[in-house]
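The following paragraphs lead the reader through one protein model, from its basic terms to its sheet and helices. The sequence and the structure should be kept in view throughout.

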Amino acid sequence: MFDNLSEKLDKALHVLKGHGQITEINVAETLKEVRRALLDADVNFKIAKEFTNTVKEKALGQNVLSSLQPGQLMVKLVKDELTELMGGEAEGIDLSGNPSVILMSGLQGSGKTTFSGKLANFLKNKRTKKPLLVACDVYRPAAIDQLHIVGDQIGVEVYSDRGNNDPVAIAKAGIAHAKSVGCNVVIIDTAGRLAVDEQMMNEISDIHKAIKPQETLFVVDSMTGQDAVNTAKAFNDVLNFDGVILTKLDGDTRGGAAISIKSVVDKPIKFIGTGEKMEAIDVFHPSRMADRILGMGDVVSLVERAQEQFDEEQARKIQKKIAKNKFGFDDFLSQIQQIKKMGSMKDLMGMIPGAGKALKGLDIDDDAFKHIEAIIHSMTPEERSTPAKLNASRKKRIAAGSGTSIQEVNQLLKQFNQMSKMMKMMQGGGGKKMMQMMQNMK
């Protein structure tokens, strides 16, 4: 995400990272390029100008020119100001009601229905809530079907009333149903339009007044840039919503919406969507996003995702197998599955400091493990548990069965053996050192 913006900001700040003499003139030139980068990312002109003016005032006030590391200090000032511009601190979600009612709003195509499912899945698995999804889009039968499919996918009940064309009545009935079945969160998916219109605004305003939700969230497609900000303002004028959801941040987004929206509507970004999977939802942390925009990665989020997928019981079993040299391909496969649950490969790589620049232009396939899984699935149970038995004829059969070459099978075996040796070494003192390093990163 934000690849183009990150690259331009890096170029703009490069001269102040120890290359050339630092003067008030080239600080001004650098900030001019920073403003240009923000404008190219579809950030509002007034916001971009105020941003660079603020950074310049702080830079000159903190004596950047005479600092021992002026380039690093400038990057820190830009990072701090970006963080402040996007909201400063991460905002929570109000779940105080019984049930807590969350009203979803936004234009058609913004990803509202899908995100309703992601939010339900997040609250179910990470906040131990029992959510109910309510289908209030009475204009598109496909929207009701879509919500039911999403609900089945994540194991969350969906309330709908296909014969009823009154979304206010459906919303009220959905809340009553939630109380009767013991659901403590109700997520109401409403109708969207292709553009803001009076009918839609009146309808969602009526729903809002009738149900008095604890949270009203505005879902916006981050790829629409400044249009997203303008739409958010129109909705906020009517609903006075509580927070923003930015979807499709895994796409070719320029970043303007994420950077501008808080300043325009004075409402926090609460969550972001980072992929198509139901698990692809993150709480929005302005400081972490600023780090990513400036190419510093996001190690904290990466470690948090890894910890979420970490299974202590499974880890103990694998440790015992490693100690007895019994670590096999079934165990290797389970490790791959855990990595895949963490999110898209492109998103994960973007969290590693410097990786974005190093991998620029490379298309990182989410199915990067596909051929590895095909090779392992083509092995017999005996071969998976005892890789040493893989002789030439067995490798030939596995290659044919997986649609790969013998060279690829040999490459996987080599990588597996190297990983096994490394894990064996970590059984000594290496593992403790690695954990200490990760804790220090946090």
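Two strands are said to pair if DSSP finds at least two bridges between them. By this criterion, strand β2 (residues 131-136) pairs with strand β3 (residues 157-159) in the parallel sense, over three bridges. Within this pair, V134 stands opposite Y159 in β3. The model under discussion is a predicted one.

The overall composition may be considered next. The protein contains 20 helices and eight strands. Of its 442 residues, 47% are buried, where buried means under 20% relative accessible area. The accessible surface comes to about 21,900 Å², and carbon and sulfur atoms account for 51% of that surface. Among contacts between residues at least 6 apart in sequence, 73% join residues that are at least 24 apart.

How are the strands ordered in the sheet? The sheet is open, has eight strands and mixed pairing, and runs in the order β3-β2-β4-β1-β5-β6-β7-β8. Its edge strands are β3 and β8 (281-283), each of which pairs on one side only. From one strand to the next, the twist averages 25°. In general, strands of a sheet pair through backbone hydrogen bonds, in either a parallel or an antiparallel manner.

Strand β2 repays closer attention. Besides its pairing with β3, β2 pairs with strand β4 (residues 185-190) in the parallel sense over six bridges. In that second pairing, P131 stands opposite V185 in β4. Six of the six residues of β2 are buried, and the strand is therefore largely enclosed by the rest of the structure. The two directions in which its residues point can be told apart: P131, L133 and A135 point one way, L132, V134 and C136 point the other way, and all are buried. Thus V134, the residue that stands opposite Y159, is itself one of the buried residues of β2.

Further along the sheet order lies strand β5 (residues 215-221). Why is β5 described as largely enclosed by the rest of the structure? The reason is that seven of its seven residues are buried. Both faces of β5 are covered, with E215, L217, V219 and D221 buried on one side and T216, F218 and V220 buried on the other. Strand β1 (residues 100-105) pairs with β5 in the parallel sense over four bridges, and S105 stands opposite F218 in β5. Strand β6 (residues 243-247) also pairs with β5 in the parallel sense, over five bridges. In this pairing L217 stands opposite G243 in β6, while V219 has I245 as its bridge partner. Helix α9 (residues 226-239) packs on the sheet, where it touches β1 and β5, and its direction makes about 160° with that of β5.

The remaining helices begin with α5 (residues 112-126). This helix has 15 residues and reaches 20 Å from its first C-alpha to its last, close to the 21 Å expected at 1.5 Å a residue. Is α5 mostly covered or mostly exposed? Helix α5 is mostly covered, since eleven of its 15 residues are buried. The buried residues include K112, T113, F115 and S116, as well as the run from G117 through K118, L119, A120, N121 and F122 to L123. Just after α5, T128 takes a positive phi of about 50°.

Two other helices, α7 (residues 167-181) and α8 (residues 198-211), meet each other directly. Their axes come within 9 Å and cross at roughly 30°, and α7 passes α8 in a right-handed crossing. On the α7 side the contact is made by P167, V168, A171, K172 and I175, and on the α8 side by E203, D206, I207, A210 and I211. An α-helix has 3.6 residues a turn, so residues three or four places apart point the same way.

Helix α10 (residues 256-265) completes the account. Eight of its ten residues are buried, so α10 is largely enclosed by the rest of the structure. The buried residues of α10 are G256, A257, A258, I259, S260, I261, K262 and V265. Just after α10, D266 takes a positive phi of about 55°.

Terms used: Residues are numbered from 1 along each chain as its sequence is written. This is a predicted model: local features need pLDDT of at least 70, side-chain atom pairs count only at pLDDT 80 or more; totals for chains, interfaces and linings use all residues. Side-chain values use heavy atoms; hydrogens and water are left out. Buried means under 20% relative accessible area, exposed over 50%, partly exposed in between (1.4 Å probe, protein chains only). Contact means heavy atoms within 4.5 Å. Accessible areas come from the Shrake-Rupley method with a 1.4 Å probe; for residues, only the protein chains shown count as cover. The expected span of a helix is 1.5 Å times one less than its number of residues. Axes are lines fitted to C-alpha atoms, for helices over the stretch in contact, and angles run from 0 to 180 degrees between N-to-C directions. A crossing is left-handed if the near helix is turned anticlockwise from the far one by less than a right angle, and right-handed if clockwise.
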